[in-house]
Amino acid sequence: MDEALVIRDARPSDAVGIAKVHVATWQSTYPGLVPDTYLVNLSEAAAAMRWHNAVQAHGPGQGALVAVDAADSVVGFATYGGRRIPVEGYEGEFYALYLLDEAQGQGLGRRLMATMAERLQEGGKHTAVVWCLRDNPARWFYERLGGVRVAERPIRFAGKELVEIAYGWRDLAPLARLSTGPEMR
């Protein structure tokens with residue numbers, strides 16, 4: 001893993017970088033899953049405005065993280081907090097986790113998940129879920145980190161009927177421990 005890659009709390013000044021990652025990852029991950037017109041019309045400028053406000057809304061057990069390279073450029077981000085969609089027995093939620101294609105395969109996704117798990121625990125949440133599209137080929141990542149499929153729901157997104165699935169962790173401690181391994185610098 002590249003030692004220069006660092007995970008830290010997101011700041012309002014990261015909004016443009018987060019927006020670039022957001023748009024790029026949606027456009028590379030979701031073709032064929034969500035309508036192409038939605039993907040083509042994603043705007044980095046509009047996303048940057050939303051992210052500028054979003055990264056300021058944090059507290060115990062909720063927030064945003066960024067993965068940055070040696071030049072402090074955002075190559076990935078993750079957000080977490082209290083559960084938004086009721087799933088019995090789960091308190092927290094991993095809202096988003098996106099890495100640029102070139103930043104994948106270096107352990108950053110695992111480090112971001114582990115750091116979010118630590119932060120949720122610090123905020124008093126010891127269980128969590130993540131929702132993802134059922135047809136997203138990257139969903140195996142959550143299974144590899146110990147997530148168990150616990151729910152499914154239909155959603156309507158950009159005029160298209162889709163299905164989301166939830167992976168759950170009944171105990172965040174093993175996931176959080178991944179941040180203390182030798183690869184977690």
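A residue is called buried here when its relative accessible area is under 20%, exposed when that area is over 50%, and partly exposed in between, with a 1.4 Å probe and protein chains only. The structure is a predicted model, in which local features need pLDDT of at least 70 and side-chain atom pairs count only at pLDDT 80 or more, while totals for chains, interfaces and linings use all residues. Residues are numbered from 1 along each chain as its sequence is written, and side-chain values use heavy atoms, with hydrogens and water left out.

Helices (H or I, at least four residues) and strands (E, at least two) are DSSP runs, numbered from the N terminus, and two strands are said to pair if DSSP finds at least two bridges between them. On these terms, 7 strands form an open sheet of mixed pairing, in the order β1-β2-β3-β4-β5-β7-β6. The edge strands are β1 and β6 (148–157), each of which pairs on one side only. From one strand to the next the twist averages 25 degrees, where axes are lines fitted to C-alpha atoms, for helices over the stretch in contact, and angles run from 0 to 180 degrees between N-to-C directions.

Strand β2 (residues 63–68) is a useful place to begin, with 6 of its 6 residues buried. Both of its faces are covered, with Gly-63, Leu-65 and Ala-67 buried on one side and Ala-64, Val-66 and Val-68 buried on the other. Strand β1 (residues 6–9) runs antiparallel to β2 and is joined to β2 by 4 bridges, with Ala-67 as the bridge partner of Ile-7. Ala-67 also stands opposite Gly-76 in β3, and β2 pairs with β3 (residues 74–82) in the antiparallel sense over 6 bridges. These two strands, β2 and β3, form a hairpin with 5 residues between them, and Asp-72 in the turn has a positive phi of about 65 degrees.

At the other edge, β6 and strand β7 (residues 160–169) run antiparallel and are joined by 9 bridges, one partnership being that of Arg-149 with Tyr-167 in β7. Helix α4 (residues 108–122) lies across β1, β2, β3, β4 (92–99), β5 (128–133) and β7, running at about 155 degrees to β4.

A nonpolar core is a set of buried Ala, Val, Leu, Ile, Met, Phe, Trp, Tyr and Cys residues joined through side-chain atoms within 4.5 Å. The largest such core has 56 residues, of which Phe-94, Met-113, Tyr-142 and Trp-169 touch the most other members. Taking contact as heavy atoms within 4.5 Å, and not counting residues up to four places away in sequence, Met-113 touches Phe-94, Leu-97, Phe-141, Tyr-142, Leu-145, Trp-169 and Leu-175. Apart from the largest core lies another, of 5 residues, among them Val-87, Tyr-90, Val-129 and Ala-166.
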